[in-house]
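Thank you all for making time this morning. I would like to go through one model slowly with you, beginning with a single residue and working outwards to whole chains and the contact between two of them.

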Amino acid sequence: MYRRWLWPGFALPGTLWLILLFLVPFYAVLAVAFGTVDPILQQPVPIWNPLEWNVGWMTETLSRFAPGGTFYGVAIRTIVYVVVSLALCLLIGYPVAYYISRHAGRTKNVLLILLILPFWISYLMRMLAWVNLLAPDGYVNRFLTFTHLLGEPRDWLGGAPSTVILALVYGYIPYLILPLYAALDRIDRSHLEAARDLGASPLRAFLHVTLPLSKAGILGGAVLITLPMFGDYYTPNLVSGAPATSMIGNQIDLYFHGGPQPTIGAAITVLLAAFLTVLMAYYMWTIHRATHEVRDV
Amino acid sequence: MMRHPKERPGRFDRRELLLGAVGAAAGISGGSFLAGCSSSTEPEGSSPTGTTGEALGPGGLPLARPDKRVKLPLWEDPIESGLEPESGGTFTVFNYPYYFYKKLLREFGEKYDVEVRYTAFDNIASGIQRLASGAVEPDVMEMTPDNLDRVVAGKLVKPLNLDYIPNLKKNVWPELVSPFYDVDSHYTVPYTCYATGIGWRSDHVKEDIRGMSQPWDIFWEAQAYKGKTALLSESRETIAMALLRKGITDINTEDPKLIDQAVADLKELYDVCNIKVGDSQFQTLPEGTSWLNQAWSGDPIAAYIYYLPKGTPASVLQYWKAPKGKVPVQNDNFCICSTTKKPVLSHLFLNYMLDNGVAHSNFVDFNGYQPPINEIDPGSLVKKGVVPRHLENAILTNNDFGPDSLQEMTLTSKGDQLWQDGYSDFLAAG
Amino acid sequence: MTTVAERQAAPSLSTWERVRGWVTNPWGRPRFLVLVTWGYMIWAIVPVLIAIQFSFNASRSRTTWAGFSTRWYWGDPVDSVWNDPGLRHSLEQSLKLAGADVLIATPIGVLLALGLARWRGRGSRPANFLMLFPLVTPEIVMGVSLLLVFSHVFTFVHTGTLAQILGHVTFSISYVVVIVRGRLFSIGRQYEEAAADLGASPTSALTRVLLPLLAPAIVASAAIVFAISIDDFVISQWLSSGEDTDTVPIQIYSATRGAPLPSTNAIATIMLLVTFVSILLAFLVWRVFTRGERRAAQSTAESMGAFTV
């Protein structure tokens, strides 16, 4: 019914936009990372032709990521923070998503709305809320000392890894729960009923039916929050400010903050993106597979 | 690099623009009238680039030091004397945010019938980039001495004709009239001055810091103030502080061993007091969220004037800076940009800025950072109640400047890299 | 088993045993999950409510309540959102960027969604991959890359408002595509084909049949783009040219690192209100459009979860 060129034609503006403002910029990062620096104004000079790329800055940056190098510790720390935060997000998020999708009954709509609510609350507002609560005379300390769970007020904002992790969990968990909920919601009840009919206890039904079926959702949601978390630099700055809790994003921030080596900032960015490509590729492959299952529209 | 006290609510760690100086680079490599610098626009083989040969700064200009005076070459002739000021249209001042009292700008505009616009940059490096890339075309711009070489080599600022700026010799401290980094004031006039020292809350920090044989040691003995101490988030300031603590006064050193040792010393602070970095001490000290900070001299004054909450007595704000020869001092300047369409008026603006009344009002009514003006001295400020007596040492005098003072200045490209890498190492806490 | 004669008093349980019994009751709802879920909801929402509360604090404190006041919104002559030029300007800037983002990204995204969903040709798979990329790219990578491209490639775009708008649109398009495409799947081709059978031209089928059916998704995606753009921090910060182009999240960030006043809470609350109102409006419009559809509740979840696995 429609002309053959209609759909590609529709896709053209968006595709062109993404090429110009997504692909080309990424290539610009590569060109800067493999470029040089103008020493007078300390500006990066990108080299566009891959055959002429200057690998000096990249090898220098890579060497800093090796054990013993300056970036080794912060890279490990970043990975640890992300993994621990992810684990906590799953630990808290999975039961919540599970409950809402399977059991909520009449309150389901209310809970769904509450679930979606944090999306509309700015990340920074949520962090601001916690910075206020974690202040030395904030509600958290007051509550904990009042209930004698804590002997004396604790300095939450004094550069503690636990606070950074708490902030990361708090900040990113909504982005995990919702896809997880969507995946769990899609699981057909009949599978579970069949399992119960065959004599499985609730626990076994969960472990052998629900959990495997939700695996794709878990992995998808996990990838969805770990990718931005790896690049996070503002959360440690907001709730800590100490170098001892800095993440790799803070280093990128530093080298783009003026000075003679913006190429190192670009190189770290490229390496970060390469590291995350594995996760990115997995995620996109899963989505691709899922959308292709419902391809015929 | 200064943060303005009235920056609401405190801007730090802003985005750095890395605008490709495509135009500027072409201008520089084509028109660089100074010999010798191999601008590394060709692809390099293995190692990061550096300048050729002797210790030269950007553009091949010699590196100025308090005891090594440098006269900057004139890349064009200054304008002639005796011309009439331009009027009509707009006049743009390019500066840190909230760093110049708008009322004074308005009065200048009314006097010469121009509309004065104020454009802000986040920090000097991004300001220079925007200027170089053509994103802004200001008439006058604030500048720091350690970046002066860059902008002169890049022909981004115009030489001055001092006949239009009599206030320079009349009102400004003699030490800064023909400063070591710009002998005969070819390109700059001074704007504000400050030093780096220690600010603390005496209601929490009980030590007698001033009485210590080496006050900088307090950071290494600050176990009791864990999580409440901070250094400036500046590569030069932090490492310089560690050097000074060990008695090394060359804060422009490029000796890798010294820099490495300084960084190693700084790293001890993680375990001692879980040190933080930031530039917000003018707010966090009066708020009480921080107790012991490396601080610029304008910070306690700004804290006292603007940020002290009601109920907190001013006496809890304390400041120390080292005596001359051991304290890093710095001053900001103003230049005329090459992009100006009103060169005469620009000169007159610089003169206006150095007028005693204008400079005083800018400082006391708005800025919080003192201008190096003869009439403004600590005694009179204390008497007028601008500054409490116990913070008198946060005011500088002309004696703080001279050939034996310490000032962070331009380094060679290699030196810059060493310092930045050192700071990156400290920040990574690896 | 007790007989009537042998019935004794039931053994009394300790508090701990009773709580544990309630939680692990196998006959009712899984109480443990209930606890966790409501605990999570409280933990997620209450801190923000407290922050909103303190935006109405009469004193400067963000931790000690001193009474109700609107000084931080308009009362205080220096520091209130209304009177502080920096805060007010950032509010305007945020709204400007969000508005431009919606107006530009939504049409492009809708077209892209239609194109990708129905394009059968060779280019469709790479185009599809390309569209998914921004969803999974860390913002700092995007921020760095956009900054560099505006410095070295598209140098006529300096940092500032135009750069920020372009950046916002770039990450917003994908959200529109995913949401609209989800709706497209559930609609199918049937209606257009029916229209064609009844004699409609391709253009009519598109504009008078498909587009109205897509309207709920378009409205939903516009609302989401608005919310995303208003809350964006990283891209706005990297492409900002100074305080003139600062947005509200940037202001909140700077303030929180220094000495936040309740005016920071106030401006965050205002942003929240703006977002909520826009979502509400979008929801109402969406409801109007989907009045006739039976499985409205289902498609809510579908469209919300559509851009996930």
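Let me begin with the cut-off that the next step needs: a residue is called buried if 20 or more other C-beta atoms lie within 10 Å of its own, exposed if 12 or fewer, and partly exposed in between, with the C-beta atoms placed from the backbone. Please also keep in mind that this is a predicted model.

With that cut-off in hand, take Leu192(A), which sits in helix 8 (residues 189-197) of chain A. Is Leu192(A) buried or exposed? Neither label applies, because Leu192(A) has 18 other C-beta atoms within 10 Å and is therefore partly exposed. If we set aside its neighbours within four places in sequence, Leu192(A) is in contact with Ala205(A), Val209(A) and Thr210(A). His208(A), for its part, is 16 residues away from Leu192(A) in sequence, and the two C-alpha atoms are 9.6 Å apart in space.

A second residue of chain A is Glu152(A), which lies in the loop between helix 6 (139-146) and helix 7 (161-185). Glu152(A) has 7 other C-beta atoms within 10 Å, so it counts as exposed. Its C-alpha atom is separated by 66 Å from that of Gly9(A), and these two residues are 143 apart along the chain.

Stepping back to chain A as a whole, we find 12 helices and 2 strands, and the order of elements from the N terminus on is α-β-β-α-α-α-α-α-α-α-α-α-α-α. The C-alpha trace of chain A spans about 75 × 75 × 35 Å along its principal axes. Of the 297 residues in chain A, buried ones make up 56%, and among contacts between residues at least 6 apart in sequence, 65% join residues at least 24 apart.

Chain A also touches chain C, and here the contact takes 85 residues from chain A and 81 residues from chain C. Which element gives the most to the chain A side? That is helix 1 (residues 6-33) of chain A, with 17 residues. By class, the chain A side of this contact divides into 68 nonpolar, 14 polar and 3 charged residues.

Within chain C, I would like to show one pair of helices, namely helix 11 (residues 248-257) and helix 12 (residues 262-289), which pack at an angle of about 155° with their axes 10 Å apart. Because of that angle, helix 11 of chain C is roughly antiparallel to helix 12 of chain C, the cut-off for that word being an angle over 145 degrees. The crossing of helix 11 and helix 12 of chain C is left-handed. Helix 11 of chain C contributes Val248(C), Gln251(C), Ile252(C), Ala255(C) and Thr256(C) to the contact, while helix 12 of chain C contributes Thr264(C), Ile267(C), Ala268(C) and Met271(C). Sorted by class, this contact has 6 nonpolar, 3 polar and no charged residues.

Now to chain B, which has 14 helices and 11 strands. Buried residues make up 59% of its 430 residues, and of the contacts in chain B with a separation of 6 or more, 78% are accounted for by residues 24 or more positions apart.

One helix of chain B deserves a longer look, namely helix 12 (residues 356-367), in which Val358(B), Ala359(B), Asn362(B), Phe363(B) and Asn367(B) are buried. Why do these buried residues line one face of the helix? Seen down the axis of helix 12 of chain B, they fall within an arc of 130°, so they line one face. As general background, an α-helix has 3.6 residues a turn, so residues three or four places apart point the same way. What covers the buried residues of helix 12 of chain B includes helix 2 (102-112) and helix 11 (343-353) of chain B. Just after helix 12 of chain B, Gly368(B) takes a positive phi of about 85°.

Positive phi also turns up at two residues of chain B that are not glycines. Lys155(B), in the loop between helix 4 (145-153) and strand 4 (157-158) of chain B, has a positive phi of about 55°, and with 18 other C-beta atoms within 10 Å Lys155(B) is partly exposed. Asn274(B), in the loop between helix 8 (256-273) and strand 7 (276-277) of chain B, has a positive phi of about 45°, and with 24 C-beta neighbours inside 10 Å Asn274(B) counts as buried.

Notes. Residues are numbered from 1 along each chain as its sequence is written. Chains are lettered from A and ligands numbered from 1 in the order in which they are written. This is a predicted model: local features need pLDDT of at least 70, side-chain atom pairs count only at pLDDT 80 or more; totals for chains, interfaces and linings use all residues. Two residues are in contact if their C-beta atoms, placed from the backbone, lie within 7 Å. Helices (H or I, at least four residues) and strands (E, at least two) are DSSP runs, numbered from the N terminus. Ala, Val, Leu, Ile, Met, Phe, Trp, Tyr, Cys and Pro count as nonpolar, Asp, Glu, Lys and Arg as charged, and the others, Gly among them, as polar. The arc is that of the directions from the helix axis to the C-beta atoms. Axes are lines fitted to C-alpha atoms, for helices over the stretch in contact, and angles run from 0 to 180 degrees between N-to-C directions. Angles under 35 degrees count as roughly parallel, over 145 as roughly antiparallel, 65 to 115 as roughly perpendicular and the rest as oblique. A crossing is left-handed if the near helix is turned anticlockwise from the far one by less than a right angle, and right-handed if clockwise.
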